[in-house]
Every structure is written in C-alpha cells, then in structure tokens.
Amino acid sequence: MNELTTLERRGMAAISTPAGHMLIVAADQRNGMKAVMTDAPDGPGSVTLTQLAGAKADLVEYLGNEAPAILLDPEVALPAIVDDGTLARGTALVVGMDASGFDTVDGLRFTHVVDGVTARTVRELGGDVAKMLWYMRPDEQDAASRVGDEIRELVKSCEAEGLLLIVEILTYRLEDESEADYQAIFPQLVADAARISVECGAKVLKLPYPGSAEACAAVTAAADGVPWAVLSAGVNHETFIKQVEIAVANGARGAMAGRSLWKDSLAVSHETRHDLLTTRALPRLRELAAVVDGAPAGAR
C-alpha cells in the first residue's frame, strides 16, 4: 500500500463523506458538457465558452455544493468559480489536470496535462486535490512504460506540493480488436491497470466499473490497499447506482459521478438548469451518497 502523507490524508478527508467514503461530482468535462445542452438554438456545437462557464457555475451552486467535493477544470471553470464565491466553503475542490483529447502513438493513447498546469498551479487555483487521466492497456504497457513514467512523475510532483493526486485510468479497445474480444478481457484490464498504477505510486484510483462483483473484488485485491472509486462513464443513474452498490460491497471506497447525475439536467437556459438540477440531479446525488456509505437497496 502506498501510504498517504499527513497533507494527503487531509485531502482524502476533504473529498469523503463523514463516514469516510469518496463522493465527488465530476464537472470537468468540456465538449461532453456542451453535447448535452441541446436547447442551444444552433445546436450543442454553438455553445460558447461563456455559456459553458455559466452552466458549470450553476452545476456547482445547485448540485456540487451539496457533495463533499466537486471536480472542475482549469480552462473554463477556474479560477472564476472560486473567486466569485460560487463554490461553497464546505465543498472541496478537485482540479482536473488533463487536457481534452489524446494522441495515438503506435496504436496506444496518450493524454496531456493542460498547458501551464502543474501541482503548484492546482494549489494556486484553490485546489484541495488534483486529478489526472491516463489511458492504459496493461497487456501492452507496464510500470516501465511511458504511461508508467508519467504516473510516477506526477505522483511525486504532487506529493512534493502536499497535494493528493487521484489517478484516473481508462482502458480502451485497440484498432484491430473486436468489441467482443475487448469485452472479454475488460475486467482483467481494469484490475491490471490498477496494479500497475499502484506500482507507479498511485495513492487513490478512479476506475471504470469492471463488470461484476467478482471483478470488483479482483480490482480491490490488485489495488493492494489503495482506495479506488468507480466512475460513471456516462451510464444512466439507475445503472450507476447498482454498479456503485456492487463495487462498494466488494471493496471500492466511493464514487465519482458526472453525466449519470447531470447529463439530462443541463441547458443553455439558466432557468431550466436551476429547475432540473434541483429537482432531478440533486435527488440522484443524495441517493448516491447513501449507496456510497453502504445503504442496501430499498433502504434509501
């Protein structure tokens, strides 16, 4: 197990429920958030940065401030949402360091840190915790690969700044791989990605739901004591609630939910956002909080 420093423990506490389970509203998406704002007169592609920033501010005010923590990006949301007081005093800020998109090199995907963003920048933006996304194919890459080196380097950089880093890993289908073949090995890919990330120093993991209770237990074993949270990956709320319930029962330490909470609650219209975020998304967050803390089905 990769031990947390004292400052990292404070960061972990800040993103967790009083019962000690991670619960973060993910709102660092840019293009993905625009895509669900279908009331834009000329389509989602016409949503401006100003409109997107307004949607993120409302998402923080009406949803994120009710969670232990919210994940935001340094390109659109920050520092404005901190500077104008939209982010509540009691809600921790997780700063997403990954830029949109990825490069493909010899069939493998590689992400990049947003230009100019460092562990120190995260602190300057008011961040309590950092998050970085990497793509990984553990059947093609190991701890000594480029992605392993990148994880190792950023973990060390954040630790030197007294900043907890959440390592997010996504696996993916290779160009010459069928969907059936990929799905057959997906649970093992997630478990192996967790193991490699921990070997590279990761202290907190954000991972896809690996598919079953057995697969979740395998991820927990591979993480070797390092806490992991399951991400929503765009599934609907009802599906994600079931996934989180299974994952938590088999060793996961929480959830980081984005589109499952708000994908049908955003719009260009402030009035529409206010209505849907408070009447649709917020009840979902409260249900998720109960499940993260171990409430059984039917007891919420």
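Me: What does a cavity have to be, before one can be counted in this predicted model?

Reply: A cavity is a set of grid points where a 1.4 Å probe fits but cannot get out. Under that rule, a search of the whole structure finds one cavity of 30 Å³ or more, and the space in the largest cavity comes to about 30 Å³.

Me: Which residues line the largest cavity, and what makes a residue part of that lining?

Reply: A lining residue has an atom within 4 Å of a point, and for the largest cavity E8, V155, L163, L164, L165 and K203 meet that condition. By class the lining has four nonpolar, no polar and two charged residues; Val and Leu count as nonpolar, whereas Glu and Lys count as charged, so E8 and K203 are the charged ones.

Me: What is the volume of the largest pocket, and which residues lie nearest its centre?

Reply: A pocket, unlike a cavity, is an open set of points, and the largest pocket has a volume of about 860 Å³. Its lining is made of 36 residues, with L133, Y135, E168, L170 and R259 nearest the centre, and β6 and α7 are among the elements that each supply at least two of the lining residues.

Me: Why is the pair of F102 and Y135 called edge-to-face?

Reply: Two rings pair if their centres lie within 6.5 Å, and planes over 60 degrees apart count as edge-to-face. The rings of F102 and Y135 are 5.2 Å apart centre to centre with 65° between the planes, so both conditions are satisfied. The pair links distant parts of the chain, since F102 lies in the loop between β3 and β4 while Y135 belongs to strand β6, 33 residues away.

Me: Why is F102 called partly exposed, and what is Y135 called?

Reply: Buried means under 20% relative accessible area and exposed means over 50%. F102, at 35%, falls between these limits and is therefore partly exposed, whereas Y135, at 13%, is under the lower limit and is therefore buried.

Me: How do you know that Y182 and F186 form an edge-to-face pair, and how are they placed in helix α7?

Reply: Their centres are 5.8 Å apart with 65° between the planes, so the pair passes the 6.5 Å and 60 degree limits. Being four residues apart in helix α7, Y182 and F186 are separated by about one helical turn.

Me: What makes the charged end of R146 count as sitting over the ring of F110?

Reply: CZ of Arg must be within 6 Å of the ring centre and within 35 degrees of the ring normal. The charged end of R146 sits over the ring of F110 at 3.9 Å from its centre, so the distance condition is met.

Terms used
Residues are numbered from 1 along each chain as its sequence is written. This is a predicted model: local features need pLDDT of at least 70, side-chain atom pairs count only at pLDDT 80 or more; totals for chains, interfaces and linings use all residues. Side-chain values use heavy atoms; hydrogens and water are left out. On a 1 Å grid over the protein atoms alone, a cavity is a set of points where a 1.4 Å probe fits but cannot get out, and a pocket is an open set with protein on both sides within 12 Å along at least five of seven lines; lining residues have an atom within 4 Å of a point. Grid points are joined across faces, edges and corners, and a volume is the space filled by probe spheres set on the points. Rings of Phe, Tyr and Trp (its six-membered ring) pair if their centres lie within 6.5 Å; planes under 30 degrees apart count as stacked, over 60 as edge-to-face and the rest as tilted. Buried means under 20% relative accessible area, exposed over 50%, partly exposed in between (1.4 Å probe, protein chains only).
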